Amino acid sequence: RGGHDHRALTWVWLILSVAALYAAATWWGSVLLFHPPKMLPNTVWPGQFGLSFEKVSFRSSDGLTLAGWLIPAKIPTARSILMCHGWGDNKGDLLKRVHPLARDFNLFLFDFRSHGESEGKRVTLGIEETRDLVSALDFLKKTRPEWRERMGLFGLSMGAAMAVRGMAEHPDLRCAIFEAPFVSFSRVVARFAWNNFRLPAFPFAFFAIKTIAWRVGEDPDASSPIRFAPRLPSKPTLFIAGELDRLMPPSEVRFLFEAAAGPKEYWQVPGAEHGKCWEAGGEGYQRRLKGFFDKHI
């Protein structure tokens with residue numbers, strides 16, 4: 001009898017220990033997503049590329065001050081592009097990839113909340129950042145209405161996910177390029193956990209997502225690009241995937257591309273890892289971006 005009770009108690013303690021371990025791990029996972037470990041400092045500026053610019057700030061709908069740059073085209077025009085950076089990056093990191101476009105297009109780059117020079121205490125991979133994109137479009141409508149009337153979108157990684165929703169909800173935008181967008185919040189969290197820590201989707205990612213939903217107060221997957229891709233307007237879009245991208249692999253980008261409505265193109269950049277299409281693609285990458293925006297803005 002005593003041995004039986006001892007074994008039962010051992011199993012209870014084992015189960016409780018495992019439960020406590022996963023509770024701690026899922027809380028840590030949610031903290032990791034809210035506060036990226038490798039937030040890039042803003043060390044890149046338009047002047048480094050010989051670009052004139054205006055430093056601006058504007059308010060998000062929930063009261064945060066967001067920082068941005070208005071960069072007029074070297075050849076005067078009303079054609080403009082709103083740029084959306086990725087998780088843990090900033091507007092300067094994105095500018096080093098796309099600055100050649102400033103010859104022919106006005107560029108508006110801004111830092112999402114809790115990135116770069118913008119205010120904010122957490123990153124939510126698009127749950128709350130949607131407000132920032134809408135606020136950026138509203139700011140342009142008030143301050144540069146001529147830019148807003150002839151505007152395209154470019155988004156990278158998290159920024160691409162935001163751009164999918166932004167395009168779906170603002171059909172007056174002329175066109176959009178989505179580089180390495182994720183399909184859904186759940187899938188990207190699960191892949192990040194496995195790629196970086198070899199933690200399985202269940203139970204780690206599953207409970208981490210539940211914890212995030214509880215902390216934010218809404219379902220993260222409600223903001224996922226797969227919810228908005230079928231609602232894209234009949235405007236040109238280009239989906240870009242990196243051949244060697246382990247976080248948003250070509251199969252994921254292709255899946256989202258297939259779900260998207262409207263006229264669309266798909267391009268896979270050979271040898272490109274996540275966020276490195278511009279390095280791997282070289283001048284061909286710049287020509288592809290410029291040719292797309294030339295044609296559709």
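Here is a short chat about a predicted model, going from its sheet to its helices and salt bridges.

Visitor: Let's start with the sheet. What makes β1 and β8 its edge strands?

Guide: The sheet is open, with 8 strands in the order β1-β2-β4-β3-β5-β6-β7-β8 and mixed pairing. β1 (54-59) and β8 (264-269) each pair on one side only, and that puts them at the edges. Neighbouring strands are turned by 20° against each other on average, ignoring direction.

Visitor: How do you know that β6 and β7 pair?

Guide: Pairing takes at least two bridges, and 4 bridges join β6 to β7 (residues 237-242), which run parallel. Across from Glu 179 you'll find Ile 240 in β7.

Visitor: Which helix packs on the sheet at about 120° to β1?

Guide: That's α3 (residues 129-143), touching β1, β2, β3, β4 and β5. Helix α10 (residues 277-296) packs on the sheet too, and its direction makes about 165° with that of β8.

Visitor: How do you know that the length of α3 agrees with what a helix of 15 residues should span?

Guide: At 1.5 Å a residue, the expected span is 21 Å, and the end C-alpha atoms are 21 Å apart, so the two agree. Several α3 residues are buried, including Leu 133, Leu 137 and Phe 139.

Visitor: Why is Ser 157 called buried?

Guide: The cut-off is under 20% relative accessible area; Ser 157 has 8%, so it counts as buried. Ser 157 lies in the loop between β5 and α5, and its phi is near 60°, a positive value in a residue other than glycine.

Visitor: And what makes Ala 180 buried?

Guide: Ala 180 has a relative accessible area of 2%, so it passes that test as well. Its phi is also positive, near 55°, and it sits in the loop between β6 and α6.

Visitor: Now the charges. Why is Asp 62 with Arg 131 called a salt bridge?

Guide: The limit is 4 Å, and the closest N and O atoms of Asp 62 and Arg 131 are 2.9 Å apart. The pair links distant parts of the chain, 69 residues apart: the loop between β1 and β2, and helix α3. Both belong to a network of salt bridges with Arg 113, Arg 122, Glu 128 and Asp 132.

Visitor: What makes Asp 62 partly exposed?

Guide: Partly exposed runs between the 20% and 50% cut-offs; Asp 62 is at 38%, so it falls in that band. Arg 131, at 31%, is partly exposed as well.

Conventions: Residues numbered from 1 in each chain as written. Predicted model: local features only at pLDDT ≥ 70, side-chain atom pairs only at ≥ 80, totals over all residues. Heavy atoms only, no water. Helix = DSSP H or I, 4+ residues; strand = E, 2+ residues; numbered from the N terminus. Buried < 20%, exposed > 50% of the residue type's maximum accessible area, 1.4 Å probe, protein only. Axes fitted to C-alpha atoms, helices over the stretch in contact; angles between N-to-C directions. Contact = heavy atoms within 4.5 Å. Expected span 1.5 Å × (residues − 1). Salt bridge = Lys/Arg side-chain N within 4 Å of Asp/Glu carboxyl O.
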